[in-house]
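Biologist: I am new to this structure and would like to learn how to read it. Could we go through it feature by feature?

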Number of protein chains: 2
Amino acid sequence: MNMWKIGCVGFGNVGQGLARILVDKREALKERYGFEYSVTFIAAPVKGSLFNPNGIDLASALAVLDKTGSLKGHPDATEKDTLSLISGNYADIITEATYTDLKTGEPGVTHIRTALDRGIHVVSTNKGPVSIALPELMELAEKNGVSYFFEGVVMSGTPTMNLAREALAGCDITGAMGIVNGTTNYILTRMEEGMPYGEALKKAQELGYAEADPTGDVEGWDAAVKVQVLAKVLMGEPIRVEDVDRTGITGITSGDIEAAAKRGARIKLIAEVRRENGILVAKVAPKEIPLTHPLAGIMNATNAITLVTDHLGEVTIVGPGAGRVETGQALLADLLSVHRSHS
Amino acid sequence: MNMWKIGCVGFGNVGQGLARILVDKREALKERYGFEYSVTFIAAPVKGSLFNPNGIDLASALAVLDKTGSLKGHPDATEKDTLSLISGNYADIITEATYTDLKTGEPGVTHIRTALDRGIHVVSTNKGPVSIALPELMELAEKNGVSYFFEGVVMSGTPTMNLAREALAGCDITGAMGIVNGTTNYILTRMEEGMPYGEALKKAQELGYAEADPTGDVEGWDAAVKVQVLAKVLMGEPIRVEDVDRTGITGITSGDIEAAAKRGARIKLIAEVRRENGILVAKVAPKEIPLTHPLAGIMNATNAITLVTDHLGEVTIVGPGAGRVETGQALLADLLSVHRSHS
């Protein structure tokens with residue numbers, strides 16, 4: 001297929017980031033990849049949903065949203081609800097970027113299940129569904145002969161799963177370890193400069209890296225979800241987030257950081273999957289990384305993952321782990337991956 | 001296509017590395033990627049060429065070679081010459097891994113041109129043809145609707161071009177800078193530990209990193225060829241190796257390295273392409289890299305490239321830059337890339 005009908009489910013920062021890229025790069029995507037698209041709906045109950053089987057003018061949708069803070073004044077405004085839009089066969093692919101609920105996975109799980117059930121490809125950046133229902137959703141995609149890609153859940157647009165699947169194709173991945181939470185890495189970087197934990201956390205909150213309740217980041221829950229994804233996708237082992245052996249950074253003191261420095265190392269919050277005597281180790285914990293290892297040099301909110309492979313030994317990729325355009329890029333890379341596999 | 005007929009041209013370290021992988025992973029490649037193969041010829045005039053339209057038993061070829069140092073005693077031994085094998089329509093794809101001649105590009109250029117002319121895909125790790133004839137060969141491939149991939153010429157199996165083409169699809173690459181020569185990085189690492197240049201070079205030669213005549217590495221010629229490739233593939237600009245502004249590491253002293261360290265930096269031999277006011281900058285030179293940059297931490301013979309992108313800012317990939325299995329992996333990744341694009 002060269003003309004893809006896309007349905008955008010969720011139109012917050014990430015959805016808008018993707019929409020902006022799609023508008024700006026329409027010609028380049030056609031020329032370089034033979035990828036053409038028509039966005040037939042935007043499902044966003046609060047901001048206002050749009051529907052036009054002949055294709056929504058994305059530039060005008062972004063303009064109306066910028067001007068009024070809502071899509072409700074756009075000529076393509078619709079009363080149809082999200083599930084009717086997904087199940088109405090108006091799209092070949094949906095982009096799922098609604099809000100993350102790590103307890104229930106909803107509304108993402110229902111959106112994705114509905115689409116896959118109907119033979120619609122899904123690309124998503126939503127961590128809720130991968131944490132709650134990844135094995136089920138991957139199986140459903142396979143059963144229906146469609147793709148379900150979710151590159152953005154690990155390091156936004158910095159590729160991990162696409163890297164393993166394509167550029168490193170042919171290698172066996174025997175493990176992975178990485179810095180996959182920018183907030184905690186930012187805090188550890190400030191602490192290394194001498195700032196106490198409390199002050200570094202406050203600074204991270206001021207910059208918008210950490211939430212008012214920072215538990216998800218500093219106790220390692222966010223990193224644990226990423227370990228869950230890596231365990232399933234890279235190692236083929238489905239686990240629950242509760243199965244991840246998880247320690248956050250709240251116990252780390254300036255003294256620990258100084259002691260590590262004296263040993264030629266830095267303390268990093270490391271997310272890790274590997275097999276030890278055939279048993280899967282799935283872990284998030286602060287770890288001393290020797291300065292000679294590429295992960296030791298990853299500072300501030302930057303992310304990085306080291307993949308351990310049979311043919312190449314360690315391969316490390318370093319890049320941003322969050323951001324509107326960065327996460328939009330993850331959706332775009334996944335869209336182009338679907339395009340390569342199914343056109 | 002799911003059953004690929006492969007012709008191996010050149011059967012030195014790299015060709016054997018690939019053959020070993022193909023033997024070991026036959027089932028995994030079929031299962032994971034739907035990739036099946038039959039090697040119909042091995043063109044290696046000195047070691048002895050093999051030909052069998054029904055498929056050579058690679059394991060037995062490797063065994064005979066290990067035992068006798070030659071392929072001439074194998075039941076599939078043939079008198080056919082290399083060009084007859086390539087042009088005889090016995091393969092859908094050839095792997096070109098003969099020796100590198102940076103002056104003439106031969107015999108690789110003729111092998112690759114012959115294959116592409118006949119609509120045969122080419123995957124290659126040979127730096128000669130990319131330095132001498134890359135624009136012509138890429139055009140020829142396009143004209144004939146086939147692929148010509150050469151991931152291995154930059155950092156062996158550590159992906160650069162496949163990364164840009166697939167996992168980072170949708171991004172514009174606006175520049176690249178990297179450590180793409182392991183020998184010089186090894187020498188600089190030893191010098192940082194206090195070893196004088198001459199001694200570090202001797203050590204690199206003992207370890208087999210540097211040739212008896214080290215000019216190609218230490219004067220930056222090897223890195224310059226990689227800049228040429230990056231300029232054409234990432235930036236779309238064909239240049240000659242002479243166009244690369246090239247300075248090697250022979251002028252670097254221990255004093256320079258210490259002075260850099262005092263400024264919080266390391267000296268690395270950096271290969272670089274970018275645009276400055278619309279003009280392509282293509283350069284190899286020693287450069288002070290601040291310790292906060294991922295390239296500063298790359299030690300010994302490890303390689304790394306930072307791609308500068310519009311959507312993600314800097315993305316850096318770190319991995320091995322040489323080796324028998326590592327370069328064999330580059331050929332395998334390219335084979336699977338051809339498989340994805342043409343099956």
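**Axis, sheet, core and charges**

Modeller: Start at the rotation axis: among the residues of chain B, Ile317(B) comes closest to it, with its C-alpha at 2.2 Å. Keep in mind that this is a predicted model.

Biologist: What rotation and shift superpose chain B on chain A?

Modeller: Two numbers describe such an operation, a rotation and a shift along its axis. Here the rotation is 180° and the shift is 0.0 Å, and chain B then lies on chain A with an RMSD of 0.0 Å. This is the relation of a two-fold axis. The same surface serves both copies, as 100% of the contact residues of chain B recur in chain A.

Biologist: How do I read the sheet, and in which order do its strands come?

Modeller: Go from one edge to the other and note each strand with its chain. The sheet is open, has 12 strands and is of mixed pairing. The order is β8(A)-β10(A)-β9(A)-β7(A)-β11(A)-β12(A)-β12(B)-β11(B)-β7(B)-β9(B)-β10(B)-β8(B). The edge strands are β8 (245-246) of chain A and β8 (245-246) of chain B, each of which pairs on one side only.

Biologist: Which helix packs on the sheet in chain A, and which strands does this helix touch?

Modeller: For a packed helix, read the strands in contact and then the angle. Helix α9 (residues 182-192) of chain A touches β7 (173-179), β9 (265-276) and β11 (303-309) of chain A, and its direction makes about 145° with that of β9(A). In chain B, helix α9 (residues 182-192) lies across β7 (173-179), β9 and β11, running at about 145° to β9(B).

Biologist: How many bridges join β11 and β12 of chain B, and do the strands run parallel or antiparallel?

Modeller: Strand β11 (residues 303-309) of chain B and strand β12 (residues 313-319) of chain B run antiparallel and are joined by 7 bridges. To find one position in the pairing, take Ala304(B), which stands opposite Val318(B) in β12(B).

Biologist: And β7(A): with which strands does it pair in the antiparallel sense?

Modeller: One partner is β11(A), paired over 6 bridges in the antiparallel sense. Ile179(A) has Ala304(A) as its bridge partner in β11(A). The other is β9(A), also antiparallel, over 4 bridges. There Ala176(A) stands opposite Val273(A).

Biologist: Why is β7(A) described as largely enclosed by the rest of the structure?

Modeller: Count the buried residues. In β7(A), 6 of the 7 residues are buried, so the rest of the structure largely encloses this strand.

Biologist: Thr174(A) is in β7 of chain A too. Is Thr174(A) buried or partly exposed?

Modeller: Buried means under 20% relative accessible area, exposed means over 50%, and partly exposed lies in between. Thr174(A) has 41% relative accessibility, so it counts as partly exposed. Beyond its neighbours within four places in sequence, Thr174(A) is in contact with Met235(A), Arg274(A), Arg275(A), Val308(A) and Thr309(A). Arg275(A) is 101 residues away along the chain, yet the C-alpha atoms of Thr174(A) and Arg275(A) are separated by 7.2 Å.

Biologist: Which residues have the most contacts inside the largest nonpolar core?

Modeller: Tyr148(A) and Tyr148(B) do, in a core of 148 residues. With neighbours within four places in sequence left aside, the contacts of Tyr148(B) include Ile112(B), Leu116(B), Val122(B), Pro129(B) and Leu134(B).

Biologist: How many salt bridges are there over all chains?

Modeller: The count is 36. For each one, read the distance, then the places it links, then the exposure of both residues. Arg340(A) and Glu166(A) form one, with their closest N and O atoms 2.5 Å apart. This pair links helix α14 (residues 324-342) to helix α8 (residues 161-167) of chain A, the two residues being 174 residues apart. Arg340(A) is partly exposed at 25% relative accessibility, whereas Glu166(A) is buried at 3%.

Biologist: How far apart are the closest N and O atoms of Asp66(B) and Arg20(B)?

Modeller: They are 3.5 Å apart, in a salt bridge. Asp66(B) is in helix α3 (residues 58-68) and Arg20(B) in helix α1 (residues 13-24) of chain B, 46 residues apart. Asp66(B) is exposed, at 55% relative accessible area, and Arg20(B) is partly exposed, at 37%.

Biologist: Which residues of both chains are linked in a network of salt bridges?

Modeller: Lys25(A) and Arg32(A) are linked with Asp172(B) and Asp310(B) in such a network.

Key
Residues are numbered from 1 along each chain as its sequence is written. Chains are lettered from A and ligands numbered from 1 in the order in which they are written. This is a predicted model: local features need pLDDT of at least 70, side-chain atom pairs count only at pLDDT 80 or more; totals for chains, interfaces and linings use all residues. Side-chain values use heavy atoms; hydrogens and water are left out. A salt bridge is a side-chain nitrogen of Lys or Arg within 4 Å of a carboxyl oxygen of Asp or Glu. Buried means under 20% relative accessible area, exposed over 50%, partly exposed in between (1.4 Å probe, protein chains only). Two strands pair if DSSP finds at least two bridges between them. Contact means heavy atoms within 4.5 Å. Axes are lines fitted to C-alpha atoms, for helices over the stretch in contact, and angles run from 0 to 180 degrees between N-to-C directions. A nonpolar core is a set of buried Ala, Val, Leu, Ile, Met, Phe, Trp, Tyr and Cys residues joined through side-chain atoms within 4.5 Å. Copies are superposed by least squares on the C-alpha atoms of residues with pLDDT of at least 70 in both.
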